[in-house]
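Let's take a friendly walk through part of a protein model. Have the structure open as you read.

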Amino acid sequence: MSEAPMCRVYDRELLARLMKRTGTGARLTTRDLAKVAGLSHGTVGALLSGGQRFISRDKAERIVGALGVDLMVLFVPCERAGRVWLDAIAPKAVTA
């Protein structure tokens, strides 16, 4: 059985700033974001406090959808190595 792809919060302070002014210009509280993204407010609070660093890609996509930003602005895709989630290796830039 495979596990869902995971993402790591890139910068929790950025998450807090994005909640203050979303892509529509609205401000979202922890509870507002949780409701719009279909998550518990405890999950959003844990992401903001650093108590939770990883979240499934599906949930990450719901968060960024509510904030009006692209996934890679706020989250880093991860892969599983043994029992530890690691940041995925970014592809190298190709010179012209």
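What follows looks at one helix, its packing against another, and one residue on that partner. Keep in mind that this is a predicted model.

Start with helix α2, which covers residues 30-37. Which of its residues are buried? They are Leu33, Ala34 and Ala37. Seen down the axis of α2, these buried residues fall within an arc of 100°, so they line one face of the helix. That fits a general rule: an α-helix has 3.6 residues a turn, so residues three or four places apart point the same way. The buried residues of α2 pack against α1, α3 and α4. On the other side of α2, Arg31, Lys35 and Val36 are exposed. Just after the helix comes Gly38, with a positive phi of about 70°.

Now turn to how α2 meets α4. Leu33, Val36 and Ala37 in α2 touch Arg62, Ile63, Ala66 and Leu67 in α4. Among the residues of this contact, six are nonpolar, none is polar and one is charged. The crossing of the two helices, α2 and α4, is right-handed, and the table gives its geometry.

| Packing of α2 with α4 | Value |
|---|---|
| Angle between α2 and α4 | about 115° |
| Distance between the axes of α2 and α4 | 9 Å |

Finally, look at Asp58, which sits in helix α4 (residues 57-67). Is Asp58 buried or partly exposed? It counts as partly exposed because its relative accessibility is 47%, and the partly exposed range runs between 20% and 50%. Its side chain makes a polar contact with the side chain of Arg62, at 3.0 Å. Asp58 and Pro5 are 53 residues apart along the chain, and their C-alpha atoms are separated by 8.1 Å.

Note on methods: Residues are numbered from 1 along each chain as its sequence is written. This is a predicted model: local features need pLDDT of at least 70, side-chain atom pairs count only at pLDDT 80 or more; totals for chains, interfaces and linings use all residues. Side-chain values use heavy atoms; hydrogens and water are left out. Helices (H or I, at least four residues) and strands (E, at least two) are DSSP runs, numbered from the N terminus. Buried means under 20% relative accessible area, exposed over 50%, partly exposed in between (1.4 Å probe, protein chains only). A polar contact is a pair of N or O atoms within 3.5 Å; within protein, one must be able to donate a hydrogen and the other to accept it, and residues adjacent in sequence count only if both atoms are side-chain atoms. Axes are lines fitted to C-alpha atoms, for helices over the stretch in contact, and angles run from 0 to 180 degrees between N-to-C directions. A crossing is left-handed if the near helix is turned anticlockwise from the far one by less than a right angle, and right-handed if clockwise. Contact means heavy atoms within 4.5 Å. Ala, Val, Leu, Ile, Met, Phe, Trp, Tyr, Cys and Pro count as nonpolar, Asp, Glu, Lys and Arg as charged, and the others, Gly among them, as polar. The arc is that of the directions from the helix axis to the C-beta atoms.
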